[in-house]
Amino acid sequence: MARKKTPNLEELNRDKIAEIARELFTLQGFENTTMNDVAKKANISKSTLYVYFMNKEAVRNYLAMMSMNSFYEELTEKLQPGTMPVRQLFMKICDILLELKEKDPFGFAVLIEEICVEDEMLMQDRVLANIYEVGEKINQFIFSCFRHDLPHRSESDLFIKEFSLWGSIYGIITFADNKEKYLTKATGMTKVQFLENSFSYLFESVNWK
C-alpha cells in the first residue's frame, strides 16, 4: 500500500481554514457567509486568508474536493465489488450517503451539484481538476460494483441507472429531513423507518435483469 504524503504546513493551514469555512457554510449558508466571517472565525487577517484562497468560491471548491475524496475513500473501504448481491450493495450505498449527510451536510450537498467539465478550466485549476477526476473515480467504482451483477449492461445504461438512482436517493434523504414531523404523523414511522422502506421501494422499482 502506498504511503500517504505527509501534509506540509501550508496544506495544514489551508485545511484548517477550509474546515472553519465548512462550519460557517453549514450554519449560515454559503450565500450568507463572507470571507470576512471566515477570517474572523479562523482568527487570521483577511489578507492572510487571501494567501490561501482567492475568493469564497475557491474555498467552496476546496471543500468540495475534500468531501468528494473522503466519500470515495469511504466507498472503497466499505464496498467490495463482487462480494455481495446487488440489493445489499445498493442498501450499503444508501447507508454511506446517510452517514455523509449526518457528519458532513455540506459535503452531501455538493455531491449532487454541477461540476466543471471544461478542459481549459480543468487544466488551469488543480482543485477543479481533482473534483472532476475523483467524480469519475466514484462513477467507475460504482460501475464496477454493479457490473459484477449486471455483466450484460452497456456502459451508457449503467450510467443512466446510476445517476437516476443517485438523484432519487438524494431526493429521498432530503425529503425525509424536510418532512420528518409530517411523515411521522402521517405514517407512524420514524425517519429511519421511512428511509429504509423508501430505499427498498426504490430498489424494487428498478429492473435489475
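Helix H1 (residues 9-28) and helix H2 (35-42) make a good place to start. Their axes come within 9 Å and cross at roughly 120 degrees. Axes here are lines fitted to C-alpha atoms, for helices over the stretch in contact, and angles run from 0 to 180 degrees between N-to-C directions. H1 and H2 are therefore oblique to each other; angles under 35 degrees count as roughly parallel, over 145 as roughly antiparallel, 65 to 115 as roughly perpendicular and the rest as oblique. H1 passes H2 in a right-handed crossing, meaning the near helix is turned clockwise from the far one by less than a right angle, while anticlockwise would be left-handed. On the H1 side, the contact is made by Ile17, Ile20, Ala21, Glu23, Leu24 and Gln28, and they meet Asp37, Val38, Lys41 and Ala42 of H2. Contact is heavy atoms within 4.5 Å.

All of this is read from a predicted model, where local features need pLDDT of at least 70, side-chain atom pairs count only at pLDDT 80 or more, and totals for chains, interfaces and linings use all residues. Residues are numbered from 1 along each chain as its sequence is written, and side-chain values use heavy atoms, with hydrogens and water left out.

Val38 sits in helix H2 and is buried, with a relative accessible area of 1%. Buried means under 20% relative accessible area, exposed over 50%, and partly exposed in between (1.4 Å probe, protein chains only). Leaving aside residues up to four places away in sequence, Val38 touches Ile17, Ile20, Ala21, Leu24, Thr33 and Leu49. Val38 and Ile20 are 18 residues apart along the chain, and their C-alpha atoms are separated by 6.9 Å.

Just past H2 comes Asn43, in the loop between helix H2 and helix H3 (46-52). Asn43 isn't a glycine, yet it has a positive phi of about 60 degrees. It is exposed, with a relative accessible area of 71%. Met54 lies in another loop, the one between H3 and helix H4 (56-78). At 66% relative accessibility, Met54 also counts as exposed. C-alpha to C-alpha, Met54 and Met35 are 9.7 Å apart in space, with their positions 19 residues apart in sequence.

Now for the whole chain. The protein comes to eleven helices and zero strands; helices (H or I, at least four residues) and strands (E, at least two) are DSSP runs, numbered from the N terminus. The C-alpha trace spans about 55 × 45 × 30 Å along its principal axes. Of the 209 residues, 41% are buried. Among contacts with a separation of 6 or more, 65% are between residues 24 or more positions apart.

Which residues of H5 are buried? In helix H5 (residues 86-103), they are Val86, Leu89, Phe90, Ile93, Cys94, Ile96, Leu97, Leu98, Leu100 and Lys101. H5 has 18 residues and reaches 26 Å from its first C-alpha to its last, close to the 26 Å expected. That expected span is 1.5 Å times one less than the number of residues. In helix H9 (residues 155-178), the 24 residues should span 34 Å, and the end C-alpha atoms are indeed 34 Å apart. The buried residues of H9 include Leu165, Trp166, Ile169 and Ile173.

Here is how H5 packs against two other helices, H9 and H11 (residues 191-204).

| Pair | Axis distance | Crossing angle |
|---|---|---|
| H5 and H9 | within 11 Å | roughly 45 degrees |
| H5 and H11 | 11 Å | about 140 degrees |

H5 and H9 are therefore oblique to each other, and H5 passes H9 in a right-handed crossing. Their contact is made by Phe90, Ile93, Cys94, Leu97, Leu98 and Lys101 of H5 with Leu165, Trp166, Ile169, Ile173 and Asp177 of H9. H5 and H11 are therefore oblique too, and the crossing of H5 and H11 is right-handed. Residues making that contact include Val86, Phe90, Met91, Cys94 and Leu98 of H5, with Leu195, Phe199, Leu202 and Phe203 among those of H11.

Cys94 is buried at a relative accessible area of 0%, and Cys116 is buried at 16%. How many disulfides does the structure hold? Zero, taking a disulfide as a pair of cysteine sulfur atoms within 2.5 Å.
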